Structures are given as C-alpha cells and as structure tokens.
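Student: Can you zoom in on the largest pocket for me? I'd like to know what lines it.

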Amino acid sequence: TISGNVIYESPIWGTICMVLIVPFTTSLIYYATGFAPTCNKRPWLAYPLVALFIAVPRIFNAVTFWDPAEELTLYLSQLPFHLISCWGYEKADSVWAPIFAHMVFNLFSAIMILILRFIQ
C-alpha cells in the first residue's frame, strides 16, 4: 500500500506522518464529520454511510490510475478497522477513541514494516 511505501522509503518522517497525522485527518474527515452527525440521529444509517464515504476515494482511484482489484482489496481490508473505529467513537462518544486506536494500529504496522525493511 502507499502508506507502507511511505514508511519503507522514509522511515522517520513516514512513521511520524502515519502515526501522528493520518489518525487525526482520517478520524476528523470520516468519523467526526461523516459518522457522528448521522449516528446521533440514525445510528443504523451511520455505519453504511461511513462505508460509502471511505469507498469514494477507492472508487476514484479504481477508475483513474490504480488497478480496480487492488483498490477493492484495500477497501475490504480496511473496512473492518473503519467500522470498529466508528463503534469506538459511538461507545466513547469522543473522536479520541478512533484517533488513539488508529495511532496504535499504525504504530504497530510501522514497526513491523521497519523490522522487515532492516532484516532484508
């Protein structure tokens, strides 16, 4: 994936970006502005709506310059994490729950990428 390449090619700045910046932007764009307002009124609609929101960039990538099968694979592999993040947001009633979850997940992933990079 692109995020894995960022960490692989630029270990320090890539890790900082993926662990500190990406969780905030993702949580604020998808969860705070897309999921939360709908969840307050119709929780049953909020989850499919966020699934649609995160599909939009993948669809644009698939019809422009990326392989559609790869985009579908990325979408389906990331969807459970996004839905779990939304559930955490709903239960904690705070955007900090998905931010911290995303930080921890990305930190673990970055460490694994860096270990694999340096043992090769």
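**The largest pocket**

Tutor: Helix 4 is the top contributor here, giving seven residues to the lining of the largest pocket. Keep in mind that this is a predicted model, where local features need pLDDT of at least 70 and side-chain atom pairs pLDDT 80 or more, while totals for chains, interfaces and linings take in all residues. Numbering runs from 1 along each chain as its sequence is written, and side-chain values use heavy atoms, with hydrogens and water left out.

Helix 4 (68-92) has company: helix 1 (2-9), helix 2 (11-41), helix 3 (43-64) and helix 5 (96-119) also each put at least two residues into that lining (helices being DSSP runs of H or I, at least four residues). The pocket's volume comes to about 840 Å³, as the space filled by probe spheres set on its grid points. Of its 28 lining residues, S3, V22, R58, Q78 and H102 sit closest to the centre. A pocket here is an open set of points on a 1 Å grid where a 1.4 Å probe fits, with protein on both sides within 12 Å along at least five of seven lines, and lining residues have an atom within 4 Å of a point.

As for chemistry, the lining splits into 14 nonpolar, 12 polar and two charged residues (Asp, Glu, Lys and Arg count as charged; Gly counts as polar).

While you're looking at helix 3, find A51 there. A51 counts as buried because its relative accessibility is 12%, and buried means under 20% with a 1.4 Å probe. A51 and L79 lie 28 residues apart in sequence, yet their C-alpha atoms are 6.9 Å apart.

Key: Buried < 20%, exposed > 50% of the residue type's maximum accessible area, 1.4 Å probe, protein only.
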